Amino acid sequence: MRDRKNELLFLLPLVFFYLVFDILLIYLPLDSIVSKSLMVGNVLIFSPLVTLLVSLLYAVFYGFSLRFSLLVGLLFLLTIFIFGEWIPLYHLVYFLSSLSGNGLGHLFYHLRKKNNEARKK
């Protein structure tokens, strides 16, 4: 149960960038060009970057988790409600960002674990 709570806490920033950010842009009094550029920036830059960083942090604390990356992939399906369409290429990029972050974080997890073991000796 504790693992699921931790996963949910790490998934919250992704929910913000996948769902809430785009909804906020609709209601904020911004110029249409600024609003559209922020929306495109969110899809192409912000969300994949946040996905990578969140997965990296999760793996640094808890080790590699394919389940977490699968949850990130399932969570991306929320964007269907915003955009009204599903783009498999973006889904693949976000999933690969999550796997990459998980892999890098797992390296740091093992380095941290080795350092702790070395200090105990």
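In the predicted model, Arg67 is partly exposed, with a relative accessibility of 40%, whereas Glu7, at 4% relative accessibility, counts as buried. The side chains of these two residues, Arg67 and Glu7, meet in a salt bridge with an N to O distance of 2.9 Å. Because Arg67 belongs to helix α3 and Glu7 to helix α1, this pair ties together parts that are 60 residues apart in sequence. The count of salt bridges in the structure comes to 1.

Glu7 also takes part in the surroundings of Ser65, a residue of the loop between α2 and α3. With residues up to four places away in sequence left out, Ser65 touches Glu7, Tyr58 and Asn102. Ser65 is buried, at 13% relative accessibility, and its side chain reaches the backbone nitrogen of Phe68 at 3.1 Å. Phe68, for its part, is in contact with Glu7, Phe10, Leu11, Val54, Ser55, Tyr58 and Asn102 when its neighbours within four places in sequence are set aside. Glu7, Tyr58 and Asn102 thus appear among the contacts listed for Ser65 and also among those listed for Phe68.

Phe68 is, in addition, a member of an aromatic cluster that it forms with Phe10, Tyr58, Phe61 and Tyr62. Aromatic pairs in the structure number 13. In one of them, the rings of Phe16 and Phe17 have centres 5.2 Å apart and planes at 90 degrees, an angle over 60 degrees, so the pair is edge-to-face. Phe16 is partly exposed, its relative accessible area being 32%. A further edge-to-face pair is formed by Tyr18 and Phe76, with 5.6 Å from centre to centre and 90 degrees between the planes. Since Tyr18 lies in helix α1 (residues 2-27) and Phe76 in the loop between α3 (66-75) and α4 (79-83), this pair ties together parts that are 58 residues apart in sequence. Both Tyr18 and Phe76 are buried.

Tyr18 and Phe68 also enter into the description of the largest nonpolar core, which has 14 residues and in which Leu11, Leu14, Tyr18, Val54, Phe68 and Val72 are those with the most contacts. Helices α1, α2 (32-62) and α3 each supply at least two residues of this core, and α1 gives the most, with 5 residues. Among the core residues with the most contacts, Leu11 and Val54 are in contact with Phe68.

Helix α5 comprises 33 residues (88-120), which at 1.5 Å a residue should span 48 Å; the C-alpha atoms at its ends are 47 Å apart, in agreement with that expectation. The buried residues of α5 are His91, Tyr94, Ser97, Ser98, Gly101, Asn102 and Gly105. Of these, Asn102 is in contact with Phe68 and is also touched by Ser65. Ser97, likewise placed in helix α5, has a relative accessible area of 13%, which is under the 20% limit, and is therefore buried. Residues up to four places away in sequence not being counted, Ser97 touches Pro48, Thr51 and Leu52. The C-alpha atoms of Ser97 and Ser69 lie 8.9 Å apart in space, although these residues are 28 residues apart in sequence.

Technical notes:
Residues numbered from 1 in each chain as written. Predicted model: local features only at pLDDT ≥ 70, side-chain atom pairs only at ≥ 80, totals over all residues. Heavy atoms only, no water. Phe/Tyr/Trp six-rings, centres within 6.5 Å; stacked < 30°, edge-to-face > 60°. Buried < 20%, exposed > 50% of the residue type's maximum accessible area, 1.4 Å probe, protein only. Helix = DSSP H or I, 4+ residues; strand = E, 2+ residues; numbered from the N terminus. Core = buried A, V, L, I, M, F, W, Y, C linked by side-chain atoms within 4.5 Å. Contact = heavy atoms within 4.5 Å. Expected span 1.5 Å × (residues − 1). Salt bridge = Lys/Arg side-chain N within 4 Å of Asp/Glu carboxyl O. Polar contact = N/O pair within 3.5 Å; in protein donor to acceptor, adjacent residues only side chain to side chain.
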